[in-house]
Amino acid sequence: DGAVLSEALAKLESKEREEFAALSGKDDLERIIKNCATLVGQNDPLGTGPRAEVGVYLKCARLNHACRPNAVRAIEDNVMSVVAQRRIQAGEQITISYMDDNFLGSADRLTQLRGKNVFSEDEACLCDLCTASVEVRAASDRRRERLYKMRETFIRRPDPELYKNMLELMGEEKLFAALMGESAMVAMIELFSGKRASSLTAEDVHARIEVGSKVRLHRLEKRPELNGRLATVVDRYESASGRMGLELDSGERMAVKAQNICVVRSDPSDGQ
């Protein structure tokens, strides 16, 4: 709501308003909200339900994306922290991932980032990985494809040895555990807590996604033009069909397999 945002901005100190306007290089409220807003106020600990609030964290909003980031953001009581995931050298840029699924290959990552308005159609990611040699990028794509398959198996059948192997491969790919994805994290927590470890299924995980949740489409083969697009869950996961009902921002409704969506995490470029 433009009136609500304008009222909130009016309450800021003049220096904060200047810093806010500088996020887009010009005083473009819509562009700043689309590219820098973070969803907060989620109503369940897994972060799968509808969010009620939007915030712009001025310093964190300036963190750039990298496909092999060195930090992750965390929000508690509406306070955002940036936590290093490895030793960051003096003078090295602090980076985070804007991705909803970090196990995608380079081509799919670029499609998702363009869908999130991080890059235009004629721009590409310039992080260290995406500007590496063809051989390095190809090896990375192979590892991430393996990780994608391992994760899907782990979600269906949580197994300590598989989890260990996944972490080892993530280490080779220079990814940290927090990037394995929400469904895998849920499976891991329930596995090692001993709660429903032997009976956890993909349906259990998908059933946690509430109506009103924001998701992003990916790996659609019949309608690839929709990959990277945001949608809202309007019908919960149905185990018989293996699908859930979504509504695109255009108003179009569609039933999509759970494997073709990823829940949108708090992200400075969610495009909302």
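# A guided tour of the predicted model

Select helix H5 and colour its buried residues: these are Ala-139, Ser-140, Arg-143, Arg-144, Leu-147, Tyr-148, Met-150, Arg-151, Phe-154 and Ile-155. The structure in the viewer is a predicted model. With H5 still selected, trace its course over residues 134-156. The helix contains 23 residues, and its first and last C-alpha atoms are separated by 33 Å, close to the 33 Å expected at 1.5 Å a residue.

Keep Arg-143 and Arg-144 displayed, and add Arg-68 and Glu-173. Salt bridges that share partners join Arg-68, Arg-143, Arg-144 and Glu-173 into one network. Both Arg-143 and Arg-144 are among the buried residues of H5. Across the whole structure, a search finds twelve salt bridges, and several further examples are visited below.

Next, move to the loop between helix H6 (160-172) and helix H7 (182-193), and select Lys-174 there. The backbone deserves inspection at this position: phi of Lys-174 is near 60°, a positive value in a residue other than glycine. Most residues other than glycine have a negative phi. Lys-174 counts as exposed, because its relative accessibility is 56% and the exposed class begins over 50%.

Within the loop between H6 and H7, select Phe-176 as well. Is Phe-176 buried or exposed? Its relative accessible area is 11%, so Phe-176 is buried. Now add Gln-85 to the selection and draw a C-alpha to C-alpha distance: Phe-176 and Gln-85 are 7.0 Å apart in space, although 91 residues separate them in sequence.

From Gln-85, proceed to Arg-86 and Glu-92. Their side chains meet in a salt bridge, with an N to O distance of 2.6 Å. Arg-86 is partly exposed at a relative accessible area of 41%, and Glu-92 is also partly exposed, at 28%.

The next stop is Glu-210 with Arg-236. Which parts of the chain does this pair tie together? The closest N and O atoms of the Glu-210 and Arg-236 salt bridge are 3.4 Å apart. Glu-210 lies in the loop between helix H8 (202-206) and strand E7 (214-217), whereas Arg-236 belongs to strand E8 (residues 230-238), so the pair ties together parts that are 26 residues apart in sequence. Glu-210 is partly exposed at 32% relative accessibility, as is Arg-236, with a relative accessible area of 40%.

Now select Arg-223 and Glu-252. These residues form a salt bridge whose closest N and O atoms are 2.5 Å apart. Arg-223 is found in the loop between E7 and E8, and Glu-252 in the loop between strand E9 (243-248) and strand E10 (253-257); the pair therefore ties together parts that are 29 residues apart in sequence. Arg-223 counts as partly exposed at 31% relative accessibility, and Glu-252 likewise at 29%.

For the final stop, return towards the start of the numbering and display the surface around Glu-13, Glu-16, Glu-18 and Glu-19. These four residues gather in a patch of negative charge on the surface. Glu-13 itself is placed in the loop between helix H1 (2-10) and helix H2 (14-22). Glu-13 is exposed, with a relative accessible area of 56%.

Notes:
Residues numbered from 1 in each chain as written. Predicted model: local features only at pLDDT ≥ 70, side-chain atom pairs only at ≥ 80, totals over all residues. Heavy atoms only, no water. Patch = residues over 30% accessible without salt bridge, like charges linked within 9 Å, V, L, I, M, F, W, Y side chains within 5 Å. Areas by Shrake-Rupley, 256 points an atom, 1.4 Å probe, with all protein chains shown as cover. Lys, Arg positive; Asp, Glu negative; His and termini not counted. Charge placed at Lys NZ, Arg CZ, Asp CG, Glu CD. Helix = DSSP H or I, 4+ residues; strand = E, 2+ residues; numbered from the N terminus. Buried < 20%, exposed > 50% of the residue type's maximum accessible area, 1.4 Å probe, protein only. Expected span 1.5 Å × (residues − 1).
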